[in-house]
Amino acid sequence: MTRVGFDSTYSILYFRTPPTDEFAVRNMELPGFCPIGPIDEQPLHRRHIRTQDIRHGGDFLTARRTLLMNDDVRVGVCKPDQPGKDWFSNGEGDECWFAYEGGGLLETIYGPLEFRKQDYLIIPKGTPYRLHPEGDKGTFLVFESASYIDVPKQFRNESGQITMDGPYCHRDFRMPTELLKFDEAKHGKGPYPLIVKFNNRLSVHEYKHFPWDLAGWDGCAYPVAFNIRDYQPRTGSVHLPPTIHITFAGRGFIICSFVPRKVDYYDNGEHQAIPCPYGHASVDCDEILYYVEGNFTSRKGIEQQSISLHPMGVPHGPHPGTYEKSVGVERTQELAVMCDTFKPLMLTEFAAGVEDKDYHFTWVKRENEAIETSK
Ligand SMILES: [Fe+2]
C-alpha cells in the first residue's frame, strides 16, 4: 500500500488470499452519499445546518450523508443504528471520522482498532474497513479528503517525528495492535463484497474467500485514533488566530480542534483582553464549525451537532451581546471541530433539507433584545 506514487509512507501487507481475485464486479448507488453533487441554487450567506435533525438509520455506510463539498474535501455525517455490514474502501482519499457520541470498533485490514467517544479516526485511502458503533448506535462527523489527511508539516521534524512543541505526542495516536482474525460467525460464509468508492461512483467487488485476514503487515501507512481531549491547546494574552487549533491537514483544507482551555488573559490593571473573537473576513477560506459540547462564547442559537458555515466573501463575527458577556471569563469549556477550506463549500440537497434558513440574519440586533452583560 504505497502513497504519493511510491514516494511517501507505505506499508507491506502479507495476504493469505490474493486481494485481486474478485469473481464479480458491479455498480451500486447509496442515496445521500454516492454519487452526490451540489444543489444549483447557492446564494452567498452564512449558514446553519442542523445535523441534530438527521435521524439515525442504517449502518456506517448506508447512513452516510454528504452535506458540504468542494474538489478537495467532502463533509458529512453518519448516524448509524446497526453494526457494520459490508466492507468499504475509499479509493478517492483519506477519511477522518469524529465520534460525537460513544465509541466502537473499527475493523480494518490492518487489524481491529477500538475507539472512544470524541476520537478522531484517520483511515488511509484504499483501506478496506467496516465500523461498528458501540451499542449499535453512533453519531459521526465525517471528512472525506480528495487527497491525504496528515499531521501538519509544522509539527514534524526533518525525520517525521512530532516536534516537542506540537499539540500532541506520538503516544496520543493509537493504532491496531493485533491482526484481524477471520471468524465465520462474524464475517459470514461469503461471498465477501468490498464496496469501493472512486470518481464519485461505487463499485462492488465480490470475493469468494475472505481477503482481509492478513498473515502480517509492517510499515507506516495505517489507521489511527486520536482523542480530541488529548489535544494540547495554545492560548495567548490576546486573541490568537483559529489556525493555532490546527490538528490535521489535507490538500486545500485543515481540521482544527477547539478544546476546553484558558482564554485570553491580558490584564494590566487598566485594560483587559476581550476573550470573544473579533469579527473577521478570512477572504480566502470557508469556515465550518461542528459544535460538540459546552457553550460557545461567540454564537447564540447554535446547538450540539449544529454545523455553521461562514463563507469567504462575507465577513463574520460574534453575535450581538457576546463580546460584553465574555469580559472577565477565564476559561471556556467549548468543544468543537473546525474545518477551513480554500475552495468554497457547496451544499448538497441533504444539507439544504436541514438548514436553518434564518441564520444569516441573526446578527441583526432586534429592537427589544437587551445586551447581556457579564457580572
Ligand atoms: Fe472565523
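# Checking the labels on a predicted model

User: Why is Cys78 counted as buried?
Analyst: Cys78 has 0% relative accessibility. Buried means under 20%, so Cys78 counts as buried. The model is predicted, and all values here are computed from it.

User: How do you know how many disulfides the structure holds?
Analyst: A disulfide needs a pair of cysteine sulfur atoms within 2.5 Å, and the structure holds 0 of them. Cys78 is in no disulfide, with the nearest cysteine sulfur, that of Cys96, 14 Å away.

User: What rules out a bond for Cys34?
Analyst: Its closest cysteine sulfur is the one in Cys78, at 14 Å, against a limit of 2.5 Å. That is too far for a bond. Cys34 has 0% relative accessibility, under the 20% cut-off, and therefore also counts as buried.

User: What makes a residue a donor of the iron ion, and which residues are donors?
Analyst: A donor is an N, O or S atom within 2.8 Å of the metal. His280 through NE2, Glu287 through OE and His316 through NE2 coordinate the iron ion at 1.9 to 2.3 Å, so these atoms meet the cut-off. Along the sequence the spacing of the donor residues is H-x6-E-x28-H.

User: Are His280 and Glu287 buried or partly exposed?
Analyst: Glu287 has 8% relative accessibility, under 20%, so it counts as buried. His280 has a relative accessible area of 23%; that lies between 20% and 50%, which means partly exposed.

User: What makes S8 and S9 a pair of strands?
Analyst: At least two bridges are required, and 5 bridges join S8 (residues 104-108) to S9 (residues 111-115), so the two strands pair. They run antiparallel. With 2 residues between them, S8 and S9 form a hairpin. Within this hairpin, Leu106 of S8 stands opposite Leu113 in S9.

User: How do you know that the second largest cavity belongs in the cavity count?
Analyst: The count takes cavities of 30 Å³ or more, and there are 2. The second largest holds about 50 Å³ of space.

User: Which strands line the second largest cavity?
Analyst: Strands S4 (64-69), S5 (73-78) and S12 (139-145) each supply at least two lining residues. The largest share, 4 residues, comes from S5. Among the lining residues are Phe33, Arg64, Arg74, Val142 and Glu144.

User: How does the lining of the second largest cavity divide by residue type?
Analyst: It divides into 4 nonpolar, 2 polar and 4 charged residues. Gly76 is in the lining, and Gly counts as polar, so Gly76 falls in the polar group. Arg65 is in the lining too, and Arg counts as charged.

Note on methods:
Residues numbered from 1 in each chain as written. Predicted model: local features only at pLDDT ≥ 70, side-chain atom pairs only at ≥ 80, totals over all residues. Heavy atoms only, no water. Donors = N, O, S within 2.8 Å, 3.2 Å for Na, K, Ca; no water. Buried < 20%, exposed > 50% of the residue type's maximum accessible area, 1.4 Å probe, protein only. 1 Å grid on protein atoms, 1.4 Å probe; cavity = no way out; pocket = protein on both sides within 12 Å on 5 of 7 lines; lining within 4 Å. Points joined across faces, edges and corners; volume = space filled by probe spheres on them.
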